[in-house]
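These are my notebook entries on a structure that I went through by topic. I recorded what I looked up and what I found.

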Amino acid sequence: MKTPLTAIKWIAEGTRESLPMPEDQLKENLENISKSSQEMFAFIDDLTSASKADAGKIISDKKEKINIGELTKKVVENMRLFVKEKKLTLECNVAADINVIGDMNPLRRSLANLISNAIKYSSEGGLVRINVQTKGGKAIWEISDYGIGIPKEEQEKVLSGYYRAKNAKRSAIPGTGLGLYYVKKVVEAHDGSLIIFSEIDKGTKATIVLPLSGDTEA
Ligand code: ATP
Ligand code: MG
């Protein structure tokens, strides 16, 4: 969940090393730093609610119609920096016009956390695949990677908050162990579910299942 903070750090360091630079590039970098700080503030707000362990508090009573394909494309765009850095291939297959009802920002942050996990637990040069589709009258978001995987006996625990699997800790990949806990709370508050399939050293598939908005064709 430190993605926005990492972005701030990278952009700031990258800018310092590339000085002097054209003013429009500098402006764009500063805007990105500002956007990422906003994101971090909003996330901290949400997290304060999450730690109250009350799913109802995570999402407001906002019930907007959200095109999750479009949302996915935006989140993927923001991750480009991290994908490039790790020389990953990112495949994104989005079926047209899949809509759900809910609160956009928590859902966007949930997706961002699953994609950021797929990226950070992948080896350099790996593949991350994102699918957005409908199945059995539900919206299905799938994020797959071929990274380090989660040991069977720890797959429940990683959803419980502040828990990181032993192989993740050993690999020195940074994290707080809060992302999946947050995602689960948000998804459940939207009457959906989060399912993790994972095999150690083979990879992980995280699936979010959400009810479709009434006017989406299943
Ligand atoms: P953060 O709070 O920054 O997200 P984190 O990534 O460690 O930190 P979670 O996203 O909650 O926390 O994930 C919990 C743990 O589950 C991770 O520490 C890791 O052990 C395991 N995990 C989650 N996603 C993956 C994945 N795609 N591949 C391998 N392990 C994963
Ligand atoms: Mg995470």
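The entries below cover domains, sheet, cavity, pockets and two backbone details.

**Entry 1: Domains**

I note at the outset that the model is predicted. I looked up the division of the chain and found domain 1 at residues 2–54 and domain 2 at residues 64–211. I then looked up the distance between the two domain centres, taken over C-alpha atoms, and entered 20 Å. For the contact between the domains, I recorded 12 residues on the side of domain 1 and 15 residues on the side of domain 2.

**Entry 2: The sheet**

I next asked in what order the strands of the sheet are arranged. The order is β2-β4-β5-β7-β6, an open sheet of 5 strands with mixed pairing. I entered β2 (89–94) and β6 (193–199) as the edge strands, since each of these pairs on one side only. From one strand to the next, the twist averages 10 degrees.

I looked more closely at one pair of strands. Strand β4, residues 127–135, runs antiparallel to β5, and 8 bridges join the two. Within this pair I noted Asn-131, which stands opposite Glu-142 of β5.

I then turned to the helices on the sheet. Helix α4, residues 68–85, packs on the sheet and touches β2, β4 and β5. The direction of α4 makes about 175 degrees with that of β2. Helix α7 also packs on the sheet, where its contacts are with β6 and β7. For α7 I recorded an angle of about 145 degrees with the direction of β6.

**Entry 3: The cavity**

How many cavities of 30 Å³ or more does the model hold? The count is 1. I entered a volume of about 400 Å³ for the largest cavity. Its lining consists of 27 residues, and those nearest the centre are Asn-117, Tyr-121, Ile-150, Val-158 and Leu-180. Two or more lining residues come from each of α5 (104–120), β5 (138–145), α6 (166–170), α7 (179–189) and β7 (203–211). I asked which element gives the largest share of this lining. It is α5, with 5 residues. By class, I listed 15 nonpolar, 9 polar and 3 charged residues in the lining of the cavity.

**Entry 4: The largest pocket**

I looked up the largest pocket and recorded about 1,100 Å³ of space. The pocket is lined by 32 residues, with Ala-7, Ile-11, Glu-77, Asn-78 and Leu-81 closest to its centre. Which elements supply at least two residues each to this lining? I listed α1 (3–17), α2 (23–50), α4 and α5. The class count for the lining of the largest pocket is 12 nonpolar, 11 polar and 9 charged. I also checked the lining by domain, and domain 1 and domain 2 each contribute at least three residues.

**Entry 5: The second largest pocket**

I entered about 380 Å³ as the volume of the second largest pocket. Among its 13 lining residues, Thr-6, Trp-10, Phe-82, Lys-120 and Pro-174 lie nearest the centre. Helices α1, α4 and α5 are the elements that give two or more residues to this lining. I divided the lining of the second largest pocket by class into 6 nonpolar, 3 polar and 4 charged residues. I then asked where the second largest pocket lies with respect to the domains. It lies between domain 1 and domain 2, because both give residues to its lining.

**Entry 6: Backbone details**

I looked up the peptide bond from Leu-19 to Pro-20 and asked whether it is cis or trans. The bond is cis, with omega near -5 degrees. I located Pro-20 in the loop between α1 and α2.

The second detail concerns Lys-87. I recorded a phi near 55 degrees for Lys-87, which is a positive value in a residue other than glycine. Lys-87 is placed in the loop that runs between α4 and β2.

Conventions. Residues numbered from 1 in each chain as written. Chains lettered and ligands numbered in written order. Predicted model: local features only at pLDDT ≥ 70, side-chain atom pairs only at ≥ 80, totals over all residues. Heavy atoms only, no water. 1 Å grid on protein atoms, 1.4 Å probe; cavity = no way out; pocket = protein on both sides within 12 Å on 5 of 7 lines; lining within 4 Å. Points joined across faces, edges and corners; volume = space filled by probe spheres on them. Helix = DSSP H or I, 4+ residues; strand = E, 2+ residues; numbered from the N terminus. Nonpolar A, V, L, I, M, F, W, Y, C, P; charged D, E, K, R; others polar. Pairing = 2+ DSSP bridges. Axes fitted to C-alpha atoms, helices over the stretch in contact; angles between N-to-C directions. Contact = heavy atoms within 4.5 Å. Domains from an automatic or database assignment.
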